[in-house]
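Here is a walk through one structure, from the overall fold to single residues. Keep the sequence and the 3D view open side by side.

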Amino acid sequence: MSGTNRAPLSAVVVGGCGLILVGIGLYFCWLRPALLPEDARYLGATLEELSDAAPGIGNWLNLVFWVLGGYITATGILTVYLAATAFRARVRGAGVAVALAGVFSIGSMAVVNVLIDSDFKVPLVAVAALWGVAMVLYWRGR
């Protein structure tokens, strides 16, 4: 196989980040509890106090996270597709689109998780940084 058919490293990394988003989205849809201990910690209440104050909050949050997870999964699927097509081929505007998608998806999630001192902040910041590395590679032509 010739080297001309190999995807640039930037496309491989962005595609990997897209797959991670798919995983995060599926976690939100199917596995994430309505309230995590860190949620209660941030709100300054126990999980029991929150459930007592709003008995339907768990069911409502499950629906919210189902929708949010769907959007995260969709973003991941589209990111993988862009990485394999327009981003890889360096179609005009693809780099800007992927950069903005990173800022508004994993970037904003990482920032919020740092602000709330989430237990998940380190892996999310790592994925955001990896996306940033991919963008540097892209703009350097790699």
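Helices here are DSSP runs of H or I with at least four residues, and they are numbered from the N terminus. The model is a predicted one. By that count the chain has six helices and zero strands. Read along the sequence, the pattern is α-α-α-α-α-α. The C-alpha trace spans about 60 × 25 × 25 Å along its principal axes. The chain has 142 residues, and 35% of them are buried.

Start with empty space. Rolling a probe the size of a water molecule over the atoms shows where such space is left. The largest pocket holds about 640 Å³. Its lining counts 31 residues, and those closest to the centre are F28, R32, L68, M109 and N113. Five elements give two or more residues to this lining: α1 (9–31), α2 (37–43), α4 (57–84), α5 (94–115) and α6 (121–139). Which of them gives the most? That is α5, with seven residues. The lining is made up of 23 nonpolar residues, five polar ones and three charged ones.

R32 leads on to the salt bridges. How many does the structure hold? There are three. R32, one of the residues closest to the pocket centre, pairs with D39. Their closest N and O atoms are 3.1 Å apart. Are these two partners buried or exposed? Both R32 and D39 are buried.

The next bridge joins R41 and D119, at 3.0 Å from N to O. This pair ties distant parts of the chain together. R41 sits in helix α2, while D119 is in the loop between α5 and α6, 78 residues apart. How does the solvent reach these two side chains' residues? R41 has a relative accessible area of 46%, so it ranks as partly exposed. D119 reaches 53%, so it counts as exposed. The cut-off for exposed is over 50%, which is why the two residues fall in separate classes.

The third bridge is formed by K121 and D117, with N and O 2.3 Å apart. K121 has a relative accessible area of 25% and is therefore partly exposed. D117, at 44%, is partly exposed too.

D117 deserves a second look, this time at the backbone. Most residues other than glycine have a negative phi. D117 is not a glycine, yet its phi is positive, at about 55 degrees. Where does D117 lie? It is found in the loop between α5 and α6. R90 also has a positive phi, near 60 degrees, and is likewise a residue other than glycine. R90 belongs to the loop between α4 and α5. Its relative accessible area is 42%, so R90 is partly exposed.

The loop between α4 and α5 also holds F87. Is F87 buried or exposed? Its relative accessibility is 1%, so F87 counts as buried. The cut-off for buried is under 20%. Now follow the chain from F87 to I116. These two residues are 29 apart along the chain. Their C-alpha atoms are separated by 33 Å.

Turn last to the surface. A nonpolar patch of about 610 Å² is made by L26, W30, L31, L63 and W66. Two elements, α1 and α4, give two or more residues to this patch. Which one gives the most? Helix α1 does, with three residues. L26, one of the patch residues, has its place in helix α1. L26 has a relative accessible area of 40%, so it is partly exposed. A residue needs over 30% to join a patch, and that is a cut-off L26 passes.

Put the views together. Helices α1 and α4 each give two or more residues to the lining of the largest pocket. Both also give two or more to the nonpolar patch. The loop between α5 and α6 holds D119 and D117. D119 bridges to R41, and D117 bridges to K121. The loop between α4 and α5 holds the buried F87 and the partly exposed R90.

Notes. Residues are numbered from 1 along each chain as its sequence is written. This is a predicted model: local features need pLDDT of at least 70, side-chain atom pairs count only at pLDDT 80 or more; totals for chains, interfaces and linings use all residues. Side-chain values use heavy atoms; hydrogens and water are left out. On a 1 Å grid over the protein atoms alone, a cavity is a set of points where a 1.4 Å probe fits but cannot get out, and a pocket is an open set with protein on both sides within 12 Å along at least five of seven lines; lining residues have an atom within 4 Å of a point. Grid points are joined across faces, edges and corners, and a volume is the space filled by probe spheres set on the points. Ala, Val, Leu, Ile, Met, Phe, Trp, Tyr, Cys and Pro count as nonpolar, Asp, Glu, Lys and Arg as charged, and the others, Gly among them, as polar. Patches are made of residues with over 30% relative accessible area and no salt bridge: like charges are joined within 9 Å, nonpolar side chains (Val, Leu, Ile, Met, Phe, Trp, Tyr) within 5 Å. Accessible areas come from the Shrake-Rupley method with a 1.4 Å probe; for residues, only the protein chains shown count as cover. A salt bridge is a side-chain nitrogen of Lys or Arg within 4 Å of a carboxyl oxygen of Asp or Glu. Buried means under 20% relative accessible area, exposed over 50%, partly exposed in between (1.4 Å probe, protein chains only).
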